[in-house]
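I opened a fresh page today for a structure I wanted to get to know. Here is what I looked up, in the order I looked.

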Amino acid sequence: MSEFSKTDRRNFVKLGALAATPMVALAPAAAMASDDSAARLARLEDERAIAGLVTGFVRRFNGDGDCSEFVASSGAILIDPQVCSIAEDRSRDPQLVFADDGRTAAWQSRAEVELLTHFEGDSTLEKMTRFQGQGSASSRASRKIEAEFARTGDGWTITRLALA
Amino acid sequence: MEELQAYPDIPLFRYEYTDLSLEEVTRRLNAPALSGPQSLEASQDLANQVLHFRSEDGPDLDFHFSPEQRVEVGGAETAYHALALGDVTLVSLLIPRAASGYALAWDRHTNQATLFEFWFGNGPAPRAREINRAVWHGHIEGDEPPTGEPHHPTLRCEGRALAWTEDTGNRTLEYYCSVTYTHWVELDRLSDSRGYSAPADYVFLTEDLYLFSRVEAEFSGMLHLYVMDANRLESVGLRLGFNGADELEYYMFHGSAEWLGQNARFEALGDFSATPLAMPDGAKGERRIYRPLETMDKMTPEEVAEVIAAGNIHVFDRDSPMAGNGTEKSGAMAGKTFAVHYDNGSRMEYRVTGPETLEWRMDGRGGFTEARYNAWEVMPGAFIFGHLLEGLPDHDCHIVVADFDAGLATNFHGFLNTPYFANEAGAETLFGKLVGDGIPDPGTRRHERTRDLLGRAFTWEYSPGLNSMHLYSTPNTTSWIIPTPSGHFATQWSGSGDFVKIRDQLYFARWQEEACNGTLGTILINMRTMHDAGIGYHMGAERGLSLSNVGAPARHAGKIDVDRFFGPDAWERDA
C-alpha cells in the first residue's frame, strides 16, 4: 500500500496485484429486500454508490493518483499512460446494468481526457521539437469510461475500468 | 581533404571546413580591419560626427568619426564603411587585433538604432570561424529624443521570399520562411541548385525597412547582413567571414530584389510577437542553433551490420509519432500478383499474399522472399507501399507508388552504407511500369519529375504537438521548419529532395536527412484531400533499422514563384 501510494497516475496501472479494499458501505442490500419498494430503494442506493465510486476514482486519479481504495487490483485499470486527467461528461447520463443476481454491474459513460505526450523518440521531428524546448504536448480527446463492479462483503469495488 | 574551395562544388554539408583557431582568425582579420570593408559603392562620409549609441539592456557605445573613413570606438581606432538606404545608414567596422566588430543601423530621421556586435571565438559558437553576434536595440543620443517606433524583432518578414542581385553580381534566393531561421539558395557561387538553412535575425526598423542577418552556421560560419527596403526592393549590406577556402570576405554591397511572393504564416491573427525561442538566461549572443550532426548516430558499415544481424529490425511494428493523424492503411493490394519493370532494366516481381505480407523476387533470381509491407491507397487505384529487401548487403528498401489504373510505378529506392555514414540513407528514384493481369500497359509513358511543388509549402500535423512545414525550395531541396505552440515557425533544416507527379494533384516526394539523423522520408501527397501517406526509412544504433509510417493532414501555405531560376537539369545533384 505504501509503495502504491508513491506512484503517480502514469505508472500505477503497471503495478502488480493489489489487495481488495472496501469501497462503498452498503445500506440494506438488494438481496435483503423484503418487498418491491425496499428493493427499489436498495437499487437506487447501489446506483448511487457505484456513481460515487466512479466519481471518487476520477477525483483521486486527477489528484494524487492513488486509486487503490477504489479498485480490486491494479491490473483492473486499463488507462493509456498518456492520460493525465479525466473530466466526466455530465451532459450525458451514464448507463449502468446490474447482473441478474445483483452481484456485479457494468457501467458506461463519457469523459473528456487530457493526454500528455512526451517526445522521446529519435525521429528528426521529435529531436527538433525537443530542441525548441517542446518536450511534450497535451491534447484533449473524448473517451468512453467502461467499468465493471463487484459487490463484496463490504460494498462495491471496481474490477475493471478502461478508457476506450 | 580535397582542395579547398571558396564555394564548394559538393553539398555544403559534405564539405570539411577548416577548423580555424582563434589566433588564426585574429591574424587574418587584422589588416582588413585597418582598411575597412571593401565596397563597389563609395562610403557615406561621417567625418566629424559623433554617434552616441545607447541601449536599455546592452552596451553604450560612442562612435567618433574622422576623415578618411576612420572611426574611434571603444578606445580603438579603425576603418569603417557606411552605406545608406533611405533614412538608414549602415556602418560596418572591425576592431583591430580583437576579432570583433560592429554593424550599426542608424535611422537618421528618427535616431532609432540597432547595433550588431560581432566576435569570433570564445563561444557560444562551437568553432572560431563561426561568427557570433549579439543584437542591441537602442537609439542615438542627441539634442532631441528619438522619435517613432523603437527597432524590435519582427515576424513581418515570415513567409516572404525575394530574389536578390548584389552589385557584386551574386544572385541569391532568400526564403524568409521562419521567425528565427532563413533558407537561401546561392544561384552563382554554388552550382547545384541546393537550398540551405541558417539562423537569422529579423528586425523591424520601419514599415518599409527591415534589418536581416543570417549566420551560415554548420557551414562556413559566415555572416550575411543587410538592411532591406521591402517597398523599393533594395538593400545595403555586409558580408563578413571566411569562405570555404578560408579567405576572409569583408565587404559591403548594394542589392536589388524581385518580389517572389509570400507563403502563409500561422500565428494567431493579431499576434506580432517575434521571439518564440527566446533564451533570457542565455549567454551573450546565445540562441537556438540546430546542429544536427552533433546528435546524429555515426555508424560504420560493420556497426550497421551488427545491429541488423542482432535482429534489431522494425517494419511497421511500432507506433509512429509521424503518423498519429495518419490515414488507415489499406489491405486492398492483397491477392495481387504483378511485376514492376524499371527503366534501368531491373525487374521486381510481387506476390501480395496478405494485407501486410508479400513475396518479392528481383530480376528472376532465386526464389521469392517474404517481407512485411504496409500500403495506403492515397487516391483510388494509387497506392504507396514499402518493404525491406532482406539479405541485400546495403539493407535496401523499396518504397513504391503504384498506380494500377495507369500501369505506372515509381520507386524511391533507399539504401544504407553510403560513403559518408553507413547508417545514413541514400536514395535513388526509379521509374517503371506495372505488368500484370488487368493492368493497362502504359507503353513508353512514365511518371515524371515535376516542378508543380517547387516553391510550395505545406504544413503537416503529424500528432498533437508534432507539426512541421515543408518548403520545396529548389528542384532538389526539401526543407522542413518546426513551429512553436504559438504558430511561429522556427528551427529549420533541409536536405536533398525529389518530386514526381503521379496524377493531377497527386505527388510523390522525398527528403534525405543527410548529415542529419539519416532518415529517408517519403510521402505521397494528395492535394485534393490535403493529406499524405508515406514511409520513413531509418537506421540508428539503438532503435535499429526501421520502416515506419508517416501521415498527416496538410495546409497549403502557398507557392513562391521561383521556377525561372532553375534550369532544366536542376534536379540533378551529387549528394
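My entries below go from confidence to the chains, then to their contact and the cores.

**Entry 1: confidence.** I began by reminding myself that this is a predicted model. I noted an ipTM of 0.92 and a pTM of 0.89. For chain B, I read a mean pLDDT of 96, with 99% of the residues reaching 70 or more. For chain A, the mean pLDDT is 80, and 79% of the residues reach 70 or more. I then looked for the weak stretch and found residues 1–33 of chain A, where the pLDDT is below 50. I wrote down that this stretch still has 64 contacts in the model beyond near neighbours in sequence.

**Entry 2: chain A.** I asked myself in which order the helices and strands of chain A follow each other along the sequence. I got α-α-β-β-β-β-α-β-β, which comes to three helices and six strands. I also checked burial: 23% of the 164 residues of chain A count as buried. Next I turned to contacts between residues of chain A at least 6 apart in sequence, and 63% of these join residues at least 24 apart.

**Entry 3: an annotated stretch of chain B.** I looked up the UniProt record, an unreviewed entry, and its annotation "domain: Molybdenum cofactor biosynthesis protein F N-terminal" covers residues 326–411 of chain B. Over residues 326–411, I find chain B to be 0% helix and 53% strand. The end C-alpha atoms of that stretch are 21 Å apart.

**Entry 4: where the chains touch.** How many residues does each chain give to the contact? I read 23 residues from chain B and 18 residues from chain A. On the side of chain B, I listed the elements that give two or more residues: β30 (456–463), β31 (466–474) and β33 (489–503). I sorted the residues of that side of chain B by type and got eleven nonpolar, nine polar and three charged.

**Entry 5: the cores.** Which residues of the largest nonpolar core touch the most other members? I found B:Leu104, B:Ala105, B:Tyr210, B:Val227 and B:Ile384, in a core of 162 residues. I followed B:Leu104 further: leaving aside neighbours within four places in sequence, B:Leu104 is in contact with B:Phe53, B:Phe63, B:Val91, B:Ala113 and B:Leu115. Apart from the largest core, I noted another core of 22 residues, including A:Ile77, A:Ala111, A:Ile145 and A:Ala147. A reminder to myself: in soluble globular proteins, nonpolar side chains tend to be buried together.

Technical notes
Residues are numbered from 1 along each chain as its sequence is written. Chains are lettered from A and ligands numbered from 1 in the order in which they are written. pLDDT is the predictor's confidence in each residue, from 0 to 100. Two residues are in contact if their C-beta atoms, placed from the backbone, lie within 7 Å. UniProt positions are given in the numbering used here, feature names are shortened, and annotations may be inferred rather than shown by experiment. Helices (H or I, at least four residues) and strands (E, at least two) are DSSP runs, numbered from the N terminus. A residue is buried if 20 or more other C-beta atoms lie within 10 Å of its own, exposed if 12 or fewer, and partly exposed in between; C-beta atoms are placed from the backbone. Ala, Val, Leu, Ile, Met, Phe, Trp, Tyr, Cys and Pro count as nonpolar, Asp, Glu, Lys and Arg as charged, and the others, Gly among them, as polar. A nonpolar core is a set of buried Ala, Val, Leu, Ile, Met, Phe, Trp, Tyr and Cys residues joined through C-beta atoms within 7 Å.
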